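User: I'd like a close look at one part of this model. Could you walk me through it?

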Amino acid sequence: SEMAFMRMPSSFHLYTKPLESDIYFNADNERILAVNYIAISVMETGCKLLAYAIMSNHFHFILSGPKDMCISFYERFKQLMDNYFAHHNRGHLMSSVTCGITSIENLKQMQTEIAYVVRNAFVVRPEVNVFADPWSTAYLYFNPFLSKEGVSASTLKGRALRTFTCSRIMEKVDPRIY
């Protein structure tokens, strides 16, 4: 309801412009990494993620929290992705990418922005099933067969932790990340 929306912290749609001549992801394992980095960025900054879409050449996030916290989320996500791409000889991808931010002012706008984000892949590629696209929250919202493995990332050690984060830098992972 509108009253529940009014009690929420501020909400924002953060987005990047599509890259004109390149793509971010060469394989699904890189998209999985992006989802992991989204989770890490949310946990480290404290904002709430309401929706996201990982496109081949841009990103969308619906976040709730103070504006500076939401911008910090994007900066952290960008830093993690930038480090990954730098280690894979594609360091130029994220360096000049900035995010746009739109304040969400009412419940109708919130509904419209979330619908836009979760339908984004379908609009670009009509063969995509909007409810089965694993690279957006539509998959999480509407997939009755989705199951969690129940393994906390904080329990991972050595190679498993490096695989999860694609980095040797991560020393401590929030126990709420699975």
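Which backbone nitrogen lies 2.9 Å from a polar atom of the side chain of Thr16?

Analyst: Keep in mind that this is a predicted model. The nitrogen you're after belongs to Phe59: its backbone N sits 2.9 Å from a polar atom of the Thr16 side chain. In sequence, Thr16 and Phe59 are 43 residues apart, yet their C-alpha atoms are 5.5 Å apart in space.

Let's start on the Thr16 side. Thr16 belongs to strand β1, which covers residues 11-16. Its relative accessibility is 3%, and because buried means under 20%, Thr16 counts as buried. Skipping neighbours within four places in sequence, Thr16 is in contact with His58, Phe59, Tyr74, Val97, Thr98 and Cys99.

Now over to Phe59, which is in strand β3, residues 59-64. Six of the six residues of β3 are buried, so the strand is largely enclosed by the rest of the structure. Look at how its side chains split: Phe59, Phe61 and Leu63 point one way, while His60, Ile62 and Ser64 point the other way, and all are buried.

What about the strands that pair with β3? β1 and β3 run antiparallel and share five bridges; one of the pairs to look at is Leu14 with its bridge partner Phe61. Strand β2, residues 48-54, also pairs with β3 in the antiparallel sense, over six bridges. There, Leu49 stands opposite Leu63. β2 and β3 form a hairpin, with four residues between them.

So, back to your contact: the Thr16 side chain and the Phe59 backbone nitrogen link a residue of β1 to a residue of β3.

Conventions
Residues are numbered from 1 along each chain as its sequence is written. This is a predicted model: local features need pLDDT of at least 70, side-chain atom pairs count only at pLDDT 80 or more; totals for chains, interfaces and linings use all residues. Side-chain values use heavy atoms; hydrogens and water are left out. Helices (H or I, at least four residues) and strands (E, at least two) are DSSP runs, numbered from the N terminus. Buried means under 20% relative accessible area, exposed over 50%, partly exposed in between (1.4 Å probe, protein chains only). Contact means heavy atoms within 4.5 Å. A polar contact is a pair of N or O atoms within 3.5 Å; within protein, one must be able to donate a hydrogen and the other to accept it, and residues adjacent in sequence count only if both atoms are side-chain atoms. Two strands pair if DSSP finds at least two bridges between them.
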